[in-house]
Amino acid sequence: MKYGRTYNFSAGPATMPEPVLEEIRDEMMNYRGSGMCVMEMSHRSKVFQQIADEAEADLRELMNIPDNYKVLFIQGGATLQFSMIPMNLKTPNGKAVYIETGAWSKKAIAEAKRVYGDNLIVAASSKDKNYTYIPDCSDLDIPDETDYVYICENETIHGLTWNKLPNTKGHVLVSDQSSMFLSRPCNVSDYGIIYGGVQKNIGPAGMAIVIIREDLIKDLDPNTPIYMRYDTHANAGSMYNTPNCWCIYVCGKVFKYLKNLGGLGEMEKINIDKAKVFYDFLDSSKLFKGTVVAKDRSLMNIPFVTGDKDLDAEVVAYTKAAGFENLKGHKSVGGLRASIYNAMPKEGVEALVECLKKFEAEHK
């Protein structure tokens, strides 16, 4: 890595593509002759409107987003969406169906229960095996009055991902894609809402992108807080209040970077290739082991353990001394975790594997 940069395996805020950081550096003091940094300019200015318009257009092209979907840039990260989704989609006698596959779907369930109460249904869960697999969702018991079916498509903490979407039996599918956003192609028409906090795989912290089918943006109870309504953001072009201008700008840079790379199909190939390096190591190691069943392993977040928490702590210290940052597992599960998002180069994964092999050899 250049400029003395480390290999950063953080789950978020996470590593960014170096070409994007270099472009940002070059435009920091004077964005394209404006005489200002993007952080300084008005969100009502023509120059920023062009930044926002280009960002949306490039995202639409990357994901092939149909015209009947709105793209919203909303402050608050993914956690705010845990509340906005049920508040906006609930019908008077409706129910919400959730699939529980890890820490983030569990948090979303807790928030939605505040809105739906006993009409929230957990139709399937992998809690019985500590969220190490995706449950079979080919024939869920979904009531006719269901407003939507909700999944977290990639669980950042537990490191598992959906490779086959649930059978919603015609009901709206809502997906939290925070830690897999733009890591592989996505058929947007399969979903009613796709959303994600951008600080994991796209940009800096402080914003979520919401891709929502237009028919789901509807009139709500007038007592619904204005900022919590999707129509507020859709009708104002994501500028009801001052948006996270800097985040939109950086995300736009990442969208162009991915387009220049060849798009999401090419990005998926790269991600499969580098994840294989790490999983092949775990499968052959006598000291380290992965925690997720093979068919449901994430390409983005790889939790692993030695089986001894003190030894796990030694690994964290050892790798940090060698120049690898943020290998400690989430505090709720312990162990170790390597997040290898789009911007993590394959050579970073290879270097980490060699470091772990060396540690293993020294601790036989």
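Start your tour inside the protein: the largest cavity holds about 120 Å³ of space. Before you click around, keep in mind that this is a predicted model.

**Stop 1: the largest cavity**

Select Y31, R32, Q50, I51, E54, A55, D58, Y249, G252, K253 and K256, and you have the lining of the largest cavity on screen. Now colour the helices. Which helices each supply at least two residues of this lining? They are α2, spanning 46–63, and α6, spanning 245–261. Of the two, look at α2 with some care, as the largest share of the lining, five residues, comes from α2. Try colouring by class next: the lining of the largest cavity has five charged residues, four nonpolar ones and two polar ones.

**Stop 2: another hole**

How many cavities of 30 Å³ or more does the structure hold? There are four. For the second largest, select T15, M16, P17, N201, I202, G203, V254, Y257, L258, N342 and A343, which line it. Its volume is about 60 Å³. Keep the class colours on: the lining of the second largest cavity has seven nonpolar and four polar residues, and no charged residues. Back in the largest cavity, five charged residues are part of the lining.

**Stop 3: a strand tucked inside**

Select residues 301–305, which make up strand β12. Is β12 largely enclosed or left in the open? Five of its five residues are buried, so β12 is largely enclosed by the rest of the structure. Show the side chains and turn the strand. In a regular strand, side chains alternate between the two faces of the sheet. In β12, N301, P303 and V305 point one way, while I302 and F304 point the other way, and all of them are buried.

**Stop 4: the strands beside it**

Add residues 289–290, strand β11, to your selection; β11 pairs with β12 in the antiparallel sense over two bridges. To see one of these contacts, pick G290, whose bridge partner in β12 is F304. Then add residues 336–339, strand β14, which pairs with β12 over four bridges, also antiparallel. Here you can pick I302 and find its bridge partner in β14, A338.

With the three strands selected, you are looking at an open sheet in the order β11-β12-β14, with antiparallel pairing. Why is one side of β11 and of β14 left without a neighbour in the sheet? Both stand at the edges and each has a single partner strand, so nothing in the sheet flanks the other side.

**Stop 5: looking for disulfides**

Finish with the cysteines. A disulfide is a covalent bond between the sulfur atoms of two cysteines. How many disulfides does a search of the whole structure find? Zero. Select C37, which is in no disulfide: the nearest cysteine sulfur belongs to C245 and is 11 Å away. C37 is also buried, with a relative accessible area of 6%.

Now move to C137. The closest cysteine sulfur, in C152, is 13 Å from the sulfur of C137, which is too far for a bond. C137 is buried too, with a relative accessible area of 6%.

Definitions and conventions. Residues are numbered from 1 along each chain as its sequence is written. This is a predicted model: local features need pLDDT of at least 70, side-chain atom pairs count only at pLDDT 80 or more; totals for chains, interfaces and linings use all residues. Side-chain values use heavy atoms; hydrogens and water are left out. A disulfide is a pair of cysteine sulfur atoms within 2.5 Å. Buried means under 20% relative accessible area, exposed over 50%, partly exposed in between (1.4 Å probe, protein chains only). On a 1 Å grid over the protein atoms alone, a cavity is a set of points where a 1.4 Å probe fits but cannot get out, and a pocket is an open set with protein on both sides within 12 Å along at least five of seven lines; lining residues have an atom within 4 Å of a point. Grid points are joined across faces, edges and corners, and a volume is the space filled by probe spheres set on the points. Ala, Val, Leu, Ile, Met, Phe, Trp, Tyr, Cys and Pro count as nonpolar, Asp, Glu, Lys and Arg as charged, and the others, Gly among them, as polar. Two strands pair if DSSP finds at least two bridges between them.
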